[in-house]
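Thanks for coming. I will show the structure and then talk through a few of its local features.

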Amino acid sequence: FENTEIQIPLDEGGDVDILFVIDNSGSMAEEQARLAGNFEAFARRLDEIGAHYRIGLTTTDAGNPRCSPASTTP
């Protein structure tokens, strides 16, 4: 990942839903740490622009005990 700023148009005070899907495999540890290290600044920026936001987070781990086993159709 490059240090790239992505501009997302949002009217001041606008509503926004944000979903992070985190690849929690060991090979992604550096990216996970970078995300964690920048999360507070991200939330602060949303507060600064007066956004009304909800943040959700999930992982790519299908073995989570809170998730029912996936079913497949032959």
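What follows covers one helix, its surface, the salt bridges and two individual residues.

First, the ground rules. This is a predicted model, in which local features need pLDDT of at least 70 and side-chain atom pairs count only at pLDDT 80 or more, while totals for chains, interfaces and linings use all residues. Residues are numbered from 1 along each chain as its sequence is written, and side-chain values use heavy atoms, with hydrogens and water left out.

Start with helix H1, residues 29-48. Helices and strands here are DSSP runs, numbered from the N terminus: H or I with at least four residues for a helix, E with at least two for a strand. How far should the 20 residues of H1 span at 1.5 Å a residue? The expected value is 28 Å, and the end C-alpha atoms are 29 Å apart, which agrees. That expected span is 1.5 Å times one less than the number of residues. H1 does bend, by about 40 degrees, at asparagine 38; the bend is the angle between axes fitted to the seven residues ending there and the seven starting there. Just after the helix, glycine 50 has a positive phi of about 75 degrees.

Now the surface. Leu35, Phe39, Phe42 and Ile55 make up a nonpolar patch with about 280 Å² of accessible area together. Areas are from the Shrake-Rupley method with a 1.4 Å probe, and for residues only the protein chains shown count as cover. Patch members have over 30% relative accessible area and no salt bridge; nonpolar side chains (Val, Leu, Ile, Met, Phe, Trp, Tyr) are joined within 5 Å, and like charges within 9 Å. H1 supplies the largest share of this patch, three residues. Leucine 35, in H1, is partly exposed because its relative accessibility is 31%. The classes are buried under 20% relative accessible area, exposed over 50%, and partly exposed in between, with a 1.4 Å probe and protein chains only.

Next, charges. How many salt bridges does a search of the whole structure find? The search finds four, a salt bridge being a side-chain nitrogen of Lys or Arg within 4 Å of a carboxyl oxygen of Asp or Glu. One of them joins arginine 54 to aspartate 17, with the closest N and O atoms 2.9 Å apart. This pair links distant parts of the chain, 37 residues apart: arginine 54 is in strand S2 and aspartate 17 in strand S1, residues 15-22. Both arginine 54 and aspartate 17 are exposed.

Within H1, arginine 34 and glutamate 30 meet in a salt bridge at 3.3 Å, N to O. They are four residues apart, about one turn of the helix. Arginine 34 is partly exposed at 29%, and glutamate 30 is exposed at 55%. Glutamate 40 and arginine 44 form another, with the closest N and O atoms 3.5 Å apart. Glutamate 40 is exposed at 58%, whereas arginine 44 is partly exposed at 41%.

Last, two residues and their neighbours. Glutamine 32, also in H1, touches Ile22, Asp23, Asn24 and Ser25, leaving aside residues up to four places away in sequence. Contact means heavy atoms within 4.5 Å. Glycine 56 sits in strand S2, residues 52-59, and is partly exposed at 25%. On that same sequence cut, glycine 56 touches Ile18, Leu19 and Phe20.
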